[in-house]
Amino acid sequence: MTRRSVTATTDRDRQWWKEAVVYQVYPRSFYDSDGDGVGDLPGVTAKVEYLDDLGVDVVWLCPVYESPNADNGYDISDYRAIMDEFGTMADWETLLDALHEREMRLLMDLVVNHTSDEHEWFQRSRRREDGYEDYYYWRDGSPDEPPNNWGSFMGGSAWTYDEVREQWYLHLFDEKQPDLNWRNADVRDEIASLVEWWLEKGIDGFRIDASNYISKPEGLPDGASGRSPTGVEQFSHGPRVHEYLRELYERTFSNYDVMTVAEMNDTSVELAREYLGESGDGLDMIVHFEHMGVDAGPGGRWDPEGWGEWSLPAFKEIMSRWQRDLGDGWNAPYLGNHDQPRIVSRFGDDGEYRTESAKLLATFLLTSRGTPFVYQGEEIGMTNAEFDGLADLDDPQTVGAIEDLLAAGTVDSYAEVREFVNYVSRDHARTPMQWDDTENAGFTDGDPWFAVNDDYTEVNVADAIADEDSIWHYYRRLIDRRHDADVLVYGDYDLLCPDDEQLYAYTRTLDDEAVLVVLNWSADPAAFEPEDIDVSASSVLISNYDDASARGVRRDYRPYEAVVVEL
């Protein structure tokens with residue numbers, strides 16, 4: 001398969017990263033090459049041909065840096081070394097070469113809001129070594145009273161008292177993830193240096209973790225109650241965040257042909273425009289979270305009341321704003337990743353209509369405007385697992401949230417929130433990739449670091465590849481369609497029937513090309529009235545039902561039916 005190489009033009013501002021499909025690899029759970037139960041870099045390299053066959057263009061590799069693994073590698077102790085469990089720097093270089101040989105690119109995770117507390121910088125800072133005193137946020141105070149009321153995303157206070165320095169340090173995430181003090185110019189120099197180091201090694205860009213939290217307000221004032229975590233309105237999109245990101249762009253990214261994708265929770269379309277492109281801070285894309293809250297309870301993701309129900313019109317309104325209102329900015333559509341439950345269990349039907357709904361979700365993702373992100377396992381319709389007790393969980397965010405609920409007396413036992421956890425936990429995305437129906441789903445010859453989902457004998461790559469009508473082959477065909485159709489990349493997006501409770505329909509138009517996408521996002525039949533659209537000369541490009549080509553554009557749509565029509 002040959003991927004397109006395009007030159008920028010003034011009419012469409014072509015860029016390779018706009019035409020790419022990104023595949024996210026969570027290496028710990030992808031493929032274990034040495035039988036120790038943990039996925040590794042040689043395991044990813046062993047599956048590069050698989051990714052090439054699927055047709056993806058970019059592999060986003062979750063952190064593989066040296067780390068004590070308090071938060072699955074997002075607590076980095078050495079940015080220029082590889083975690084032993086994952087392999088060596090030579091293994092990483094072999095993976096990079098294997099991807100580049102197949103015209104695929106590598107996106108690394110850049111985690112610089114915080115480090116591990118085992119990083120040399122933090123160890124020197126806690127000892128007050130000259131030049132490192134304020135690499136992190138340190139505050140005086142009684143060991144019994146944190147400096148402010150900010151909460152951690154992992155539960156509990158965002159402050160931990162350090163007995164060595166006899167001060168409190170700030171950590172918006174786990175207590176082993178102290179926040180870097182970006183006000184310190186030396187810290188920013190260190191970050192620019194490590195970014196440059198990886199870019200010089202030949203990578204093709206970064207996904208920048210927690211990027212809207214890097215600037216904290218002067219005085220670190222208390223947060224208002226009612227937001228979760230407490231204080232988020234103080235440290236999200238802080239006063240100097242644009243200055244810091246623009247400086248990093250000008251010193252590093254602007255000198256290379258790379259893609260930059262910034263993860264930003266708590267971000268609106270209007271805020272996103274301020275970060276994107278030359279008129280903003282130079283970033284290429286924002287990974288926003290607005291649509292990730294459509295099924296949350298009134299108190300947010302970890303509210304055990306009112307979760308799981310969501311409105312298709314509300315979802316359409318959010319997604320349409322991000323498709324339509326970014327101006328010159330570019331979108332990064334996704335439905336799942338390592339921080340979210342499985343998409344077919346969340347937004348589809350993981351029972352009777354698992355295949356149909358998984359294909360519908362693929363259709364939506366790969367016909368959206370922007371650079372689509374596919375998370376490992378989505379291409380075979382992997383589902384949520386079952387966690388019977390707190391001990392079955394690994395994710396510190398889930399565990400911290402449940403412990404907070406128990407400590408507050410909101411719930412009396414895990415049993416009360418078991419169903420809730422089995423809907424919302426990040427651990428669902430971290431169960432091992434299901435390669436075949438052999439023991440441990442073909443992920444490892446040893447004992448897997450995390451339990452394999454029980455449905456691996458029915459849901460696995462080997463069976464999917466053997467079946468031409470599978471979810472995997474549908475993804476492959478959709479990706480090929482996207483590669484061959486400028487209209488699906490650069491075309492304008494127009495929403496149809498915005499208030500319909502079952503149908504999500506829209507058009508993509510570019511010059512004289514037009515495509516209609518109709519998705520019956522429900523388990524019941526639905527009627528579509530294609531008003532003001534001439535369908536007389538239309539033809540079906542792809543659909544998740546075999547006989548859709550013969551039926552064409554019509555009024556009746558079957559459960560989870562997805563049809564893409566060329567007008």
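**Helix α15**

I began with helix α15, where I find Ile471, Trp472, His473, Tyr474, Tyr475, Leu478, Ile479, Arg482 and His483 buried. I note for all that follows that this is a predicted model. The helix covers residues 471-484, which makes 14 residues, and I read a reach of 20 Å from its first C-alpha to its last, close to the 20 Å expected at 1.5 Å a residue. At its N-terminal end I looked for a cap and found Ser470, with a side-chain oxygen 3.4 Å from the backbone nitrogen of Trp472.

**The sheet of 7 strands**

I then traced an open sheet of 7 strands, whose order I wrote down as β11-β10-β9-β5-β2-β1-β12, with parallel pairing. At the edges I place β11 and β12 (373-375), each of which has a single partner strand, so one side of each is left without a neighbour in the sheet. On average, with direction ignored, neighbouring strands of this sheet are turned by 25° against each other.

I looked next at strand β5, residues 105-110, where 5 of the 6 residues are buried, so I take the strand to be largely enclosed by the rest of the structure. On one pairing, β5 meets strand β2 (residues 58-61) in the parallel sense over 4 bridges, and there I see Leu61 opposite Met108 of β5. On another, β5 is joined by 3 bridges to strand β9 (residues 205-208), again running parallel, and Asp109 stands opposite Arg207 in β9. I also followed β2 to strand β1 (residues 22-25), to which 4 bridges join it in parallel; the bridge partner of Val22 is Val58 in β2.

**The sheet of 3 strands**

A separate entry goes to an open sheet of 3 strands, in the order β6-β8-β7, where the pairing is antiparallel. I mark β6 (138-139) and β7 (159-162) as its edge strands, since each is listed as pairing on one side only. Between β7 and strand β8 (residues 167-170) I count 4 bridges, the two strands running antiparallel, and in β8 I find Trp168 as the bridge partner of Tyr161.

**Aromatic rings**

Searching the whole structure for aromatic pairs, I obtained 47 of them. I looked at Phe206 and Phe253, whose ring centres are 6.1 Å apart with the planes at 55°, so I enter the pair as tilted. This pair links distant parts of the chain, 47 residues apart, with Phe206 in strand β9 and Phe253 in the loop between α7 (241-251) and β10 (259-263). I note both Phe206 and Phe253 as buried.

I took up Trp307 and Tyr423 next, with ring centres 5.2 Å apart and planes at 40°, so this pair is tilted. Here too distant parts of the chain are linked, for Trp307 belongs to the loop between β11 (285-287) and α9 (312-324) and Tyr423 to helix α13 (residues 414-424), 116 residues apart. I checked the burial of each ring, and I enter Trp307 as partly exposed because its relative accessibility is 23%, whereas Tyr423, at 12% relative accessibility, counts as buried.

I also recorded a cluster in which ring pairs link Tyr65, Tyr79, Trp92, Trp121, Tyr132, Tyr135, Trp197 and Trp198.

**Charges over rings**

I looked for arginine ends placed over rings and noted Arg105, whose charged end sits over the ring of Trp16, 3.9 Å from its centre. I noted likewise Arg28, whose charged end sits over the ring of Trp449, 5.5 Å from its centre.

**Two residues in loops**

I located Gly87 in the loop between β4 (78-82) and α3 (89-101). Is Gly87 buried or exposed? At 16% relative accessibility I count Gly87 as buried, because the cut-off for burial is under 20%. I also compared its position with that of Val64, which is 23 residues apart from Gly87 in sequence and 8.9 Å apart in space, C-alpha to C-alpha.

My last entry is His288, which I found in the loop between β11 and α9. His288 is buried, with a relative accessible area of 2%, and I asked which backbone nitrogen its side chain reaches. I found that the side chain of His288 reaches the backbone nitrogen of Glu290 at 3.1 Å.

Technical notes: Residues numbered from 1 in each chain as written. Predicted model: local features only at pLDDT ≥ 70, side-chain atom pairs only at ≥ 80, totals over all residues. Heavy atoms only, no water. Expected span 1.5 Å × (residues − 1). Buried < 20%, exposed > 50% of the residue type's maximum accessible area, 1.4 Å probe, protein only. Polar contact = N/O pair within 3.5 Å; in protein donor to acceptor, adjacent residues only side chain to side chain. Pairing = 2+ DSSP bridges. Phe/Tyr/Trp six-rings, centres within 6.5 Å; stacked < 30°, edge-to-face > 60°. Lys NZ or Arg CZ within 6 Å of the ring centre and 35° of its normal. Axes fitted to C-alpha atoms, helices over the stretch in contact; angles between N-to-C directions.
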